Amino acid sequence: MKSILAFGNPLLDITIYSSCQVARLLDKYNLQIDSQKEITKEEMCMLSKDIEGSDQQVTAGGCCQNSLRVLQWIMHKRCNVAIFGSTGQDQEADILRNILESDAVSTRYITQEGLPTGKIVALVSGLYRSLVAHIGAAEVLPLSSLLAHPHFLSLFDNSDIILIEAYFLTNRFECAQYLVKRCAAEGKLLAFNLCGAYIFSIIPESIKYLVDHSNVIFGNKAEYIALSQLLNYSSIEAMALELIEDSARRNIGKTFVITDGSRPVICYSSQESIEMKPPSIKESEIKDTTAAGDAFIGGFLAGLVTSSPIRKCIEIGLYAASSIIKETGCSLPKYRAEIGL
């Protein structure tokens, strides 16, 4: 069984469901339904005060952390997975460590003095949600600090798959570039989560670099539309097919995985193009779609660590996503995953 090492933003998620309170907060902070926004430390302090005493659920967050926890749920905690990222020296970091370790994900957090652990507030209204984030310590990780970590080199060398989220690229491109070069030198599979279309305008060159060097790229349709525009292609399909052909000439395998909510997943690779419809779910069963994409990636990776064919990886990803959206936030189901791995 293959092992995974991830690099992302360790975040604490706080989910609010009261429709009245959600409507008030959306208006007060000028937020849009089904959107993502980063706010300042001061704004997060103000928002945190506004939600004190409200009906809320606290869970681990961050794209990579969500995916790894879901992967371990699928794998019944049998896989070796770890994550590097930065946190503050605070209660939020301790909460994250406890959650991740209980879900069999090894945390290799690097403490950033004077900065708070990153936090996301999810305002959920029916099937839609608005995410508000202050990244805090998660956005700081000098390459020197990573290389000085006593477990970094051994963990990297013993991992088969490296997972990087796009949010990790902000202010840490030197780290990402180092990881990419080591992956190429050591023949490791590099997976990349596009995360959110808005970030493409903030770090366009970093996104281009990771897409060019990654083996598996995950994203939803909106993110892929933004990516095709960033790379000056007329369509997602045209972009995927040309980049796959170009990568083949450089002996780099490349797979593009595009999710689209309740519509079929489309996957382009050098072997085949696949379209697979998600399982039908009653609207009344859906509690929270916040972590659907991350859950899909976790399921897909469960397929990769067991060397499953791409079609099976997609099937597992859809199973994972359809299971997680029936929960609150990225809360793992209490029942045992049954997907036949």
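These legends go with several views of one predicted model, starting with the whole chain and moving in on a group of aromatic rings.

**A few ground rules.** Residues are numbered from 1 along each chain as its sequence is written, side-chain values use heavy atoms, and hydrogens and water are left out. Since this is a predicted model, local features need pLDDT of at least 70 and side-chain atom pairs count only at pLDDT 80 or more, while totals for chains, interfaces and linings use all residues.

**View 1. The whole chain, with its helices and strands.** Here you have 12 helices and 14 strands; these are DSSP runs, with helices being H or I of at least four residues and strands being E of at least two, numbered from the N terminus. The radius of gyration is 19 Å, close to the 20 Å that the globule rule gives for 341 residues, so the chain is as compact as a globular protein of that length. (That radius is taken over C-alpha atoms, and the rule is 2.2 Å times the number of residues to the power 0.38.) Along the principal axes, the C-alpha atoms fill a box of roughly 55 × 50 × 40 Å.

**View 2. Inside the fold.** Of the 341 residues, 57% are buried, where buried means under 20% relative accessible area, exposed over 50% and partly exposed in between (1.4 Å probe, protein chains only). Take the contacts (heavy atoms within 4.5 Å) with a separation of 6 or more: residues 24 or more positions apart account for 74% of them.

**View 3. Phe7 meets Phe152.** The program's count comes to 13 aromatic pairs; rings of Phe, Tyr and Trp (its six-membered ring) pair if their centres lie within 6.5 Å, and planes under 30 degrees apart count as stacked, over 60 as edge-to-face and the rest as tilted. Phe7 and Phe152 make an edge-to-face pair, 6.3 Å centre to centre with 75° between the planes. Phe7 sits in strand 1 (residues 4–7) and Phe152 in helix 6 (residues 152–157), so to speak a link between distant parts of the chain, 145 residues apart. Both Phe7 and Phe152 are buried.

**View 4. Phe152 again, now with Tyr178.** These two ring centres are 6.2 Å apart with planes at 45°, so the pair is tilted. Phe152 lies in helix 6 and Tyr178 in helix 7 (residues 173–186), so the pair ties together parts 26 residues apart in sequence. Phe152 has a relative accessible area of 0%, whereas Tyr178 is partly exposed at 22%.

**View 5. The aromatic cluster.** Phe7, Phe152 and Tyr178 join Phe84, Phe156 and Phe168 in one aromatic cluster.
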